[in-house]
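Here's a quick tour of a protein model, written for someone who would rather be at the bench. Have a look at the sequence and the fold, and then we'll walk through some spots worth knowing.

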Amino acid sequence: MNRGIGMNWTVGIDLGAQGARMSTKGRALVLRQSSACALAGEQILALGDEARRMEGRAPRKVEVLYPMASGSVGSERALRAWLRHMAQHSGTRSVRMLIARPPQMSLSQMRHLSALALESGASACGLVRSDLAAALGAGLTLEDKKGALVVQVGAGSVSVTLMAA
């Protein structure tokens, strides 16, 4: 499940309550859009900004769902659709996903998220706390001798983390 930040990851994923982002090895951000997923039963009609535009306008049989809500899995169907989409569009056959997860996510939900990533086509899956990923992305290192307060404000949750060596 969680093999750590140091492994050779090919795809970095952040699926939030409102936004989806994906980075691939050697390239910066390759996907940044709404995390909405439009479904008719099990059929995926649209992902991202296109699905978000369908919200409130689509026929009753079409559901617009979001993969995450309030720091936990919101819709398993939307999460599975997004992970499959990201695995297929990663540009590599052996997809090793590093997924940012909310700090408050339970161990059972972390196991479930990792299992969904593997079912969706990932050859390996690691999970990193989203606040730690944000701190590293902002240029902080784990070896810094000074403390840092990391505040992460998302659409579905807010987390405040004090980091110190």
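## A glycine out in the open

Let's start with Gly-91, which is exposed because its relative accessible area is 78%, and the cut-off for that label is over 50%. Bear in mind throughout that this is a predicted model. Gly-91 sits in the loop between H2 and strand S9, the strand that covers 95-101.

What separates the C-alpha atoms of Gly-91 and Asn-8 in space? The gap is 15 Å, for two residues that are 83 apart along the chain. Asn-8 itself belongs to the segment before strand S1 (11-15). With 41% relative accessibility, Asn-8 goes down as partly exposed. Asn-8 can also be set against Val-158: those two are 150 residues apart in sequence, and their C-alpha atoms are 29 Å apart.

## Two helices that cross

Next up, the helices. A packed pair is described by two things, the angle between the axes and the distance between them. Here, helix H2 takes in residues 76-88 and helix H3 residues 107-119, and they pack at about 45 degrees with 9 Å between their axes. Why do H2 and H3 count as oblique to each other? An angle under 35 degrees would be roughly parallel, and roughly perpendicular runs from 65 to 115, so at about 45 degrees the pair ends up as oblique. The crossing of H2 past H3 is right-handed.

A salt bridge also joins these helices. Glu-119 pairs with Arg-80, and their closest N and O atoms are 3.2 Å apart. Glu-119 is in helix H3 and Arg-80 in helix H2, so this bridge links distant parts of the chain, 39 residues apart. Glu-119 is exposed, at 56% relative accessibility, whereas Arg-80 is partly exposed, at 24%.

## More salt bridges

How many salt bridges does the model have? The count comes to six. One of them brings the side chains of Glu-63 and Arg-77 together, at 2.5 Å from N to O. Glu-63 is part of strand S6 (residues 63-65) and Arg-77 part of helix H2, so the bridge ties together pieces of the chain that are 14 residues apart in sequence. Both ends are partly exposed: Glu-63 has a relative accessible area of 33%, and Arg-77 has 27%. There's a third partner to keep in mind as well, since Glu-42 is linked with Glu-63 and Arg-77 in a network of salt bridges.

Another bridge joins the side chains of Arg-129 and Asp-131, this time at 2.6 Å from N to O. Arg-129 is partly exposed, at 33% relative accessible area. Is Asp-131 buried or exposed? Asp-131 is buried, because its relative accessibility is 2% and the label applies under 20%.

## A buried leucine

Strand S10 spans residues 122-129, and Leu-127 is found in this strand. Leu-127 counts as buried, with a relative accessibility of 5%. The C-alpha of Leu-127 lies 9.8 Å from that of Gly-12, although 115 residues separate the two along the chain.

## A nonpolar patch on the surface

Finally, take a look at the greasy side chains on the outside. Which residues make the nonpolar surface patch? Leu-149, Val-151, Val-153, Val-158, Val-160 and Leu-162 do, and the patch comes to about 640 Å². Strand S11 (148-153) and strand S12 (158-163) are the elements that each give two or more residues to this patch.

Val-153 is a handy residue to click on here. This valine lies in strand S11, and it is exposed because its relative accessible area is 65%. Val-158, the far partner of Asn-8 in the 29 Å C-alpha pair, turns up in this patch too.

Note on methods. Residues numbered from 1 in each chain as written. Predicted model: local features only at pLDDT ≥ 70, side-chain atom pairs only at ≥ 80, totals over all residues. Heavy atoms only, no water. Patch = residues over 30% accessible without salt bridge, like charges linked within 9 Å, V, L, I, M, F, W, Y side chains within 5 Å. Areas by Shrake-Rupley, 256 points an atom, 1.4 Å probe, with all protein chains shown as cover. Salt bridge = Lys/Arg side-chain N within 4 Å of Asp/Glu carboxyl O. Helix = DSSP H or I, 4+ residues; strand = E, 2+ residues; numbered from the N terminus. Buried < 20%, exposed > 50% of the residue type's maximum accessible area, 1.4 Å probe, protein only. Axes fitted to C-alpha atoms, helices over the stretch in contact; angles between N-to-C directions. Parallel < 35°, antiparallel > 145°, perpendicular 65-115°, else oblique. Left-handed = near helix turned anticlockwise from the far one by under 90°.
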